[in-house]
Amino acid sequence: MRILFVVAFLFSALPAWAEFNVDTVRDSIETRDFDRLEALFAEGHKTALAERDYTDMRNVYATLFVAAHTERRENTEAWTIAYPRSPYAATALTWMHYYEAYQKRGNFDNARTSPEALDGYHDSLMKAYRQTTRALRADPEFLPARDAQILLRMTHVDRRPVSEAVAESMRIMPNWHSFDLGLSVTLRGWGGSAAELFRICQIGVAKIPDYDETLCFIDVVISNDLRGRLREMAVEYAEERKDNLSDSVLFDLYLSDWSGRPEAEDEALRLHRATLSPTMHFAEYKRGYERISYTFQNTDYEAEATASLGAIARGRLRDNPESIAVRKELIAAFEWRHQFATVIPPRLIQEIREHWEQMLINGAARRDIWSAGARVAAHETHFWDMDRLRPYYINAIYYSNYSIGDLRAYQNYLYQMYLVGIREQHVDTLSEAEKDALRDKALCPMLRAWRLYDAVCDIYPDEPYCNVGGWNAGWRQQMASIARTTEECASILTAEIPDLLYSPIPVAEFLSDAG
């Protein structure tokens, strides 16, 4: 009761200009003005309840707290200590931990995700779950916390049905966001079930005006990319209900079943451009413009979309400075702009180095971060600088759980160096002695990588990089031939496979101020 009185007092004393929005909340969290934060959120909450619309409040959370930002997280933790019963503070910290979890894990399947990444992911999800529980204990009807609860239902920390969480949110306030969130996390890619989708559809039909079973059937079939007779029925229904379809369904149809229509390309472009926003999902946006480029052979739009995404990413640095998605996109934009450049200014190379090092804060146990690091390092040195480049490949292999693709990439790099060393590839800038040294330096690491690659292919012979055919044909035999004819590397060739496994190289050795 005392806290409610204090919040009410602060709210009544709040200056008229201090409206609840991204700027005022950002300023308050940066200055650790927790009293003002509580008052601002109380104002935003009051408005959301009065207007029966949480859009503005969700936007503040999405912009400022669905983010990787160490200082802001520390400030938010301090906010939860200052106001231990605040649903607003606990929800903010929930979102930061939830976002952090996927920063640490990435989106690869478990087989290609390191134990270290999974441990970090699980730890952050548990923190998010505890904060969500805390927020809902303080205010069981606070919808931004309920949003997080829906997402957490599809993780290991809370296996209760998603439909129950959606039903509770829709009981509190019928709204499309909660319903759509429930559908999205119940897709096949998230491990959803037909039964759960059916239950969520029933909830939406009962609570959302002008929404019915047919529209939900279309949403489920199209978003899950179901085929056969179900797809045929959904497309037939979509034709009849075109004016009632969501933008995401329309976008998918114009890129698939309706792609031959005269207006298809223009409509797909319009719908895709409309998704640009500071809080958009970068990967979804990229998949969208790649599909447009492929479907309509429109490479001009890919250039436009890449530039737009780069601008959004740069604008997100203030609120999401440690985001892997943001930093990756800025590196990708650099690579796009300079893909044909022969000379790149050192300051730009230093800039992408800084982007990559920020990715290490949460992503040091992810294979894709080390693969990206190898590309960054390749801009900083010569491709034959094995001492500089090999460590990136080794960490990519280690943190991918020895995936065939990463083993093959490393082995192929070493093989190219070996070919330079035996004069089957030419590098005019190297002396004969340097070429000999390159061959000697590449041979044993190459054979070590080959033995690991060969062992994994024996276990998973149907992996794309293992089956014989195309450019893979004869690869394993070629390496075996080199191993049979060399008199070097005896310890590598006779060692047990467990003794050939790599140890991860510490992050500190990769930082620009390391030496």
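**Rings and helices of a predicted model**

Tyr 88 is buried, with a relative accessible area of 9%, where buried means under 20% relative accessible area, exposed over 50% and partly exposed in between (1.4 Å probe, protein chains only). The model is predicted, so local features need pLDDT of at least 70 and side-chain atom pairs count only at pLDDT 80 or more, while totals for chains, interfaces and linings use all residues. Residues are numbered from 1 along each chain as its sequence is written, and side-chain values use heavy atoms, with hydrogens and water left out.

Before following Tyr 88 further, it helps to look at the whole. The protein contains 26 helices and 0 strands, these being DSSP runs numbered from the N terminus (helices H or I, at least four residues; strands E, at least two). Measured out along its principal axes, its C-alpha trace would be described as spanning about 80 × 55 × 45 Å. Of the 515 residues in the protein, 51% are buried. If one takes the contacts (heavy atoms within 4.5 Å) with a separation of 6 or more, residues 24 or more positions apart account for 65% of them in the protein.

The aromatic rings show how parts of the chain meet. Rings of Phe, Tyr and Trp (its six-membered ring) pair if their centres lie within 6.5 Å, with planes under 30 degrees apart counted as stacked, over 60 as edge-to-face and the rest as tilted. The structure has 32 aromatic pairs. In one of them, Phe 20 and Phe 41, the ring centres are 5.0 Å apart and the planes stand at 70°, so this pair is edge-to-face. Phe 20 belongs to the loop between helix 1 (2-13) and helix 2 (22-30), whereas Phe 41 belongs to helix 3 (residues 34-51), and the pair therefore ties together parts that are 21 residues apart in sequence. Phe 20 and Phe 41 are both buried.

A further pair brings us back to Tyr 88, whose ring centre is 5.3 Å from that of Phe 142; their planes are at 75°, so this pair is edge-to-face. Because Tyr 88 lies in helix 6 (residues 87-105) and Phe 142 in the loop between helix 7 (115-138) and helix 8, the pair ties together parts that are 54 residues apart in sequence. Phe 142 has a relative accessibility of 0% and so counts as buried. Tyr 88 and Phe 142 also belong to one aromatic cluster, in which Phe 20, Phe 41, Tyr 54, Tyr 61, Phe 65 and Trp 79 take part as well.

Which residues does His 45 touch, not counting residues up to four places away in sequence? They are Tyr 54, Met 57, Tyr 88, Asp 139 and Phe 142, and among them Tyr 54, Tyr 88 and Phe 142 are part of the aromatic cluster. His 45 itself is found in helix 3, and with a relative accessible area of 7% it is buried. From His 45 to Thr 485 there are 440 residues in sequence and 75 Å in space, C-alpha to C-alpha.

Finally, helix 10 (residues 176-184) shows how helices can cover a buried set of residues. Its buried residues are Ser 178, Phe 179, Leu 181, Gly 182 and Leu 183. What covers these buried residues of helix 10 includes helix 4 (55-64), helix 8 (143-152) and helix 9 (162-172), together with helix 11 (194-207) and helix 12 (213-223).
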